[in-house]
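Welcome! Here are some short exercises with worked solutions. Take a look at the sequence and the model, then try each task before reading on.

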Amino acid sequence: MANSGGLPSYGAVSHRSSARSGYNNNPDEIQLRIDPMNADLDEEVNGLRSKISLLKNVAQEIGNEARYQNDLISQLQMTVIKAQAGVKNNMRWINKKIIQNGSNHVFHVLLFVLLCFFVVYFLSKFSRG
């Protein structure tokens with residue numbers, strides 16, 4: 001049996017589709033005529049199978065990487081929580097030391113700032129020549 005192009009037709013493959021309504025007697029059926037002269041189907045199927053297996057491997061690697069990243073994020077979150085607890089404890093200790101020593105820390109900070117200012121001033125004065 002030959003189709004309208006003069007080439008033999010080898011069976012009809014059909015699947016459900018709503019995009020081609022009204023084309024055949026059954027509006028949900030599409031007929032596909034395969035011409036073996038233009039393509040080797042076995043090679044196409046094998047090529048598609050190898051591509052599918054490659055995609056499967058890529059998807060598995062993506063899944064493994066996602067699990068690794070999630071584990072890494074969980075570890076980082078625990079590290080941040082521990083660091084926050086350490087900073088909180090240190091702030092408590094510093095506040096307790098400030099209360100014990102009085103308000104001399106403001107005086108010490110101002111003295112340090114003045115010392116830094118004079119060091120920069122003298123370095124800039126002597127560097128000019």
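**Exercise 1. In which helix is L114 found?**

Please keep in mind that you are looking at a predicted model.

Step 1: L114 sits in helix α2, which covers residues 104-128.

Step 2: To place that helix in the whole, read along the sequence: the protein chain follows the pattern β-β-α-α. That gives two helices and two strands.

**Exercise 2. Work out what the chain does over residues 105-123, and which feature UniProt lists there.**

Step 1: Check the secondary structure. Residues 105-123 are 100% helix and 0% strand.

Step 2: Check the span. The C-alpha atoms at the two ends are 27 Å apart.

Step 3: Turn to the record. In an unreviewed entry, UniProt lists residues 105-123 as "transmembrane region".

**Exercise 3. Decide whether L114, F117 and Y121 are buried, partly exposed or exposed.**

Step 1: Recall the cut-offs: buried means under 20% relative accessible area, exposed means over 50%, and partly exposed lies in between.

Step 2: L114 has 47% relative accessibility, so L114 counts as partly exposed.

Step 3: F117 reaches 51%, and therefore F117 counts as exposed.

Step 4: Y121 has a relative accessible area of 38%, so Y121 is partly exposed.

**Exercise 4. Find out how many aromatic pairs the structure holds, and why F117 and Y121 count as a stacked pair.**

Step 1: The structure holds five aromatic pairs.

Step 2: For F117 and Y121, the ring centres are 6.5 Å apart and the planes meet at 15°. Planes under 30 degrees apart count as stacked, so this pair of F117 and Y121 is stacked.

Step 3: Now locate the two residues. F117 and Y121 both lie in helix α2, four residues apart, or about one turn of the helix.

Step 4: Try the same reasoning on F118 and F122. Their ring centres are 6.4 Å apart with planes at 25°, so F118 and F122 are stacked too. F118 and F122 are also four residues apart in helix α2, which means about one helical turn separates them.

Step 5: Add the accessibility. F118 is partly exposed at 42%, and F122 is partly exposed at 42%.

**Exercise 5. Put the pieces together: which residues form the aromatic cluster, and which form the nonpolar surface patch?**

Step 1: F117, F118, Y121, F122 and F126 form one aromatic cluster.

Step 2: L114, F117, F118, Y121, F122 and F126 form a nonpolar patch on the surface, together offering about 680 Å² of accessible area.

Step 3: Set this beside the chain totals. The accessible surface of the protein chain is about 11,800 Å², with 62% belonging to carbon and sulfur atoms. Of the 129 residues in the chain, 3% are buried.

How values were computed: Residues numbered from 1 in each chain as written. Predicted model: local features only at pLDDT ≥ 70, side-chain atom pairs only at ≥ 80, totals over all residues. Heavy atoms only, no water. Patch = residues over 30% accessible without salt bridge, like charges linked within 9 Å, V, L, I, M, F, W, Y side chains within 5 Å. Areas by Shrake-Rupley, 256 points an atom, 1.4 Å probe, with all protein chains shown as cover. Salt bridge = Lys/Arg side-chain N within 4 Å of Asp/Glu carboxyl O. Buried < 20%, exposed > 50% of the residue type's maximum accessible area, 1.4 Å probe, protein only. UniProt positions renumbered as here; feature names shortened; annotations may be inferred. Phe/Tyr/Trp six-rings, centres within 6.5 Å; stacked < 30°, edge-to-face > 60°.
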